[in-house]
Amino acid sequence: MTQAIAAKFAPLEPLLDERSRRLWAAVEARALGRGGIVRVAEATGLSRATIRVGLRELDTPSTVDSRRATSERLRRPGGGRRPLVAGDPRLLRVLESLVDPVTRGDPMSPLRWTCKSAARLAAELQNQGHAVSERTVNRLLHELGYSLQSNRKTLEGCHHPGRDGQFQYINRRVKAFQRQGQPVVSVDTKKKELVGQFRNGGREWWPTGQPEEVKVHDFPDEELGKVIPYGVYDMATNTGWVSVGVDHDTAEFAVETLRRWWQHMGRHVYPKAKKLLITADGGGSNGSRCRLWKVELQKLADESGVQLSVCHFPPGTSKWNKIEHRMFCHITENWRGRPLVSREVVVNLIGHTTTKTGLEIRSELDENSYPTGREVTAQQMEDLSIQREKFHGEWNYTIKPRS
């Protein structure tokens, strides 16, 4: 019986308004007789009280005026509660002073130095004599034009006067190399990662109530330690190489990664390449002021016979480097919510990172030792075959092979 009522109600439900829905349910309940209200309520999901209201309306004789009023509105005039602000006109002003006490209210507000959640705001309003709930506070805040927002990184402070010019210079150089069929790569170091059963940001699909368990404290494992992914991204082919280091992030490690990319990928894709353009950050192991970076690049140029041109991004603009938003971000997304339990796991997760646009990455573990504190003498710098460009030579230079 219940299924039959539900089958009749399903196609009618979208066509019925509030009044006609309860009248239809009342007619069905009356036709069933004893127990009809309960069965109709179970079949339609309407409350028993709603069906009883419909029965009373069926028993009430209708007049011309009542039929005209019914056709214009579904509820009697004056129904429902009055808005809370109608009975408490100070409520909105007090709420705004609590949300933003510096510009609209008292700087000594009790919520000046606490988290302004809807629950805390409701509690403080209640303490001041306003009858309001957490849900009402949420609604009023949206009506006032407030919403939950996080901080936004927009204040950069002062920047280098040659910043825009350097961006334009890099763009011209990249296009020129690509027109000539010469390789252009972006290099950088990814954030160091703890290896072991540690929490990794993000969420992954697991059976409900059975998340993967990780250690409470992020103390580095004495045996596994950390890994240092250093990447090389080829802009033209949308491919990359990542060396996963286990020692130190030095210039020697950075250039060794470039060397491995060239040996395993670069020279096969660009067999006729005579020069290579490298875009890099202004600091770190591949910084513009790092002497060891230039010395190691000279060794690579001598070995490969390829002329190495370098363009550094201005200070504070490392996120503009292509490798950041073309490769590293996808690696982070690929291993989200997965503990990096071993070095092999790190290498495999990086190597299996792909995108819809066809990104391919090769990854390899680099277990070599790269000691810090290596000094570069003035004589070594004089022996470099380096040519600095006229435009910001400290950022743009070319290292030629010494043959």
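**Packing around F198 and in helices α4, α11 and α12**

Outside its immediate sequence neighbourhood of up to four places, F198 is in contact with V214, K215, H217, D218, F219, P220, D221 and P339. The model analysed here is predicted. F198 lies in the loop that connects β2 (193–194) with β3 (226–234). Its relative accessibility is 3%, and since buried residues are those under 20%, F198 is classed as buried. One of the residues it touches, V214, is 16 residues from F198 along the chain, and the C-alpha atoms of the two are separated by 5.2 Å.

Helix α4 comprises 12 residues (48–59). At 1.5 Å a residue the expected span is 16 Å, and the C-alpha atoms at its ends are 17 Å apart, so the two values agree. Within α4, the residues I51, G54 and L55 are buried. These residues cover an arc of only 100 degrees around the axis and therefore lie on the same side of α4. The packing partners of the buried α4 residues are α2 (18–32) and α3 (36–44).

A further helix pair is formed by α11 (residues 251–269) and α12 (residues 291–304), whose axes come within 8 Å and cross at roughly 25 degrees. Because angles under 35 degrees count as roughly parallel, α11 is roughly parallel to α12. The crossing of α11 past α12 is right-handed. On the α11 side, the contact involves A251, E252, A254, V255, L258, R259 and W262. These meet L292, W293, E296, L297, K299, L300, E303 and S304 of α12.

Technical notes:
Residues are numbered from 1 along each chain as its sequence is written. This is a predicted model: local features need pLDDT of at least 70, side-chain atom pairs count only at pLDDT 80 or more; totals for chains, interfaces and linings use all residues. Side-chain values use heavy atoms; hydrogens and water are left out. Helices (H or I, at least four residues) and strands (E, at least two) are DSSP runs, numbered from the N terminus. The expected span of a helix is 1.5 Å times one less than its number of residues. Buried means under 20% relative accessible area, exposed over 50%, partly exposed in between (1.4 Å probe, protein chains only). The arc is that of the directions from the helix axis to the C-beta atoms. Contact means heavy atoms within 4.5 Å. Axes are lines fitted to C-alpha atoms, for helices over the stretch in contact, and angles run from 0 to 180 degrees between N-to-C directions. Angles under 35 degrees count as roughly parallel, over 145 as roughly antiparallel, 65 to 115 as roughly perpendicular and the rest as oblique. A crossing is left-handed if the near helix is turned anticlockwise from the far one by less than a right angle, and right-handed if clockwise.
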